[in-house]
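Q: Could you take me through a single part of this model up close? I'd like one connected answer rather than a list.

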Amino acid sequence: MGTRLKVLRVFKDLHKTRRDVFRDDDRALTAARLKINEEFKKHKNETSEENIKEMLKMARAVETILRENVIQGEHVEENKVLLRPRKSLLLDNVPYSDTPRNKT
């Protein structure tokens with residue numbers, strides 16, 4: 001796949017992740033859209049293959065962090081926040097235990 005197509009793929013994936021992670025939060029959706037677009041525009045004239053590869057690697061890391069580590073919260077009352085975890089965040093949920101498990 002050509003470099004241009006890789007860049008466009010990462011750009012599109014970041015926006016898909018943004019829409020999923022910040023669903024129903026217009027302020028966060030707008031801020032994330034502006035930041036993604038700003039970063040891609042800032043480097044649109046980059047010609048070094050090595051630099052482009054590093055930036056693509058960074059963009060993929062950002063996309064992964066957003067997808068796997070960010071959870072939405074909404075203030076519903078004073079000192080009370082309603083969390084909205086996505087199903088993808090709940091897959092690797094391991095219950096807390098005070099006693100360590102024995103590895104066999």
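**A close look at α2**

A: Let's start on the outer side: the face of α2 turned away from its buried side carries Asp26, Arg27, Lys41 and Lys42, which are exposed (over 50% relative accessible area; buried means under 20%, and partly exposed is in between, with a 1.4 Å probe and protein chains only). Bear in mind that this is a predicted model, where local features need pLDDT of at least 70, side-chain atom pairs count only at pLDDT 80 or more, and totals for chains, interfaces and linings use all residues. Residues are numbered from 1 along each chain as its sequence is written, and side-chain values use heavy atoms, with hydrogens and water left out.

Helix α2 covers residues 26–42; helices here are DSSP runs of H or I with at least four residues, strands are E runs of at least two, and both are numbered from the N terminus. From first C-alpha to last, the 17 residues of α2 reach 24 Å, close to the expected 24 Å (1.5 Å times one less than the number of residues).

Now the inner side: Ala28, Leu29, Ala32, Ile36 and Asn37 are the buried residues of α2. Looking down the axis of α2, they fall within an arc of 155°, so they line one face of the helix (the arc is that of the directions from the helix axis to the C-beta atoms). The buried residues of α2 pack against α1 (3–21), with contact meaning heavy atoms within 4.5 Å.

As for that partner, the buried residues of α1 include Val10, Leu14 and Val21, and the buried set of α1 packs against α2, α3 (49–69) and β1 (72–77).
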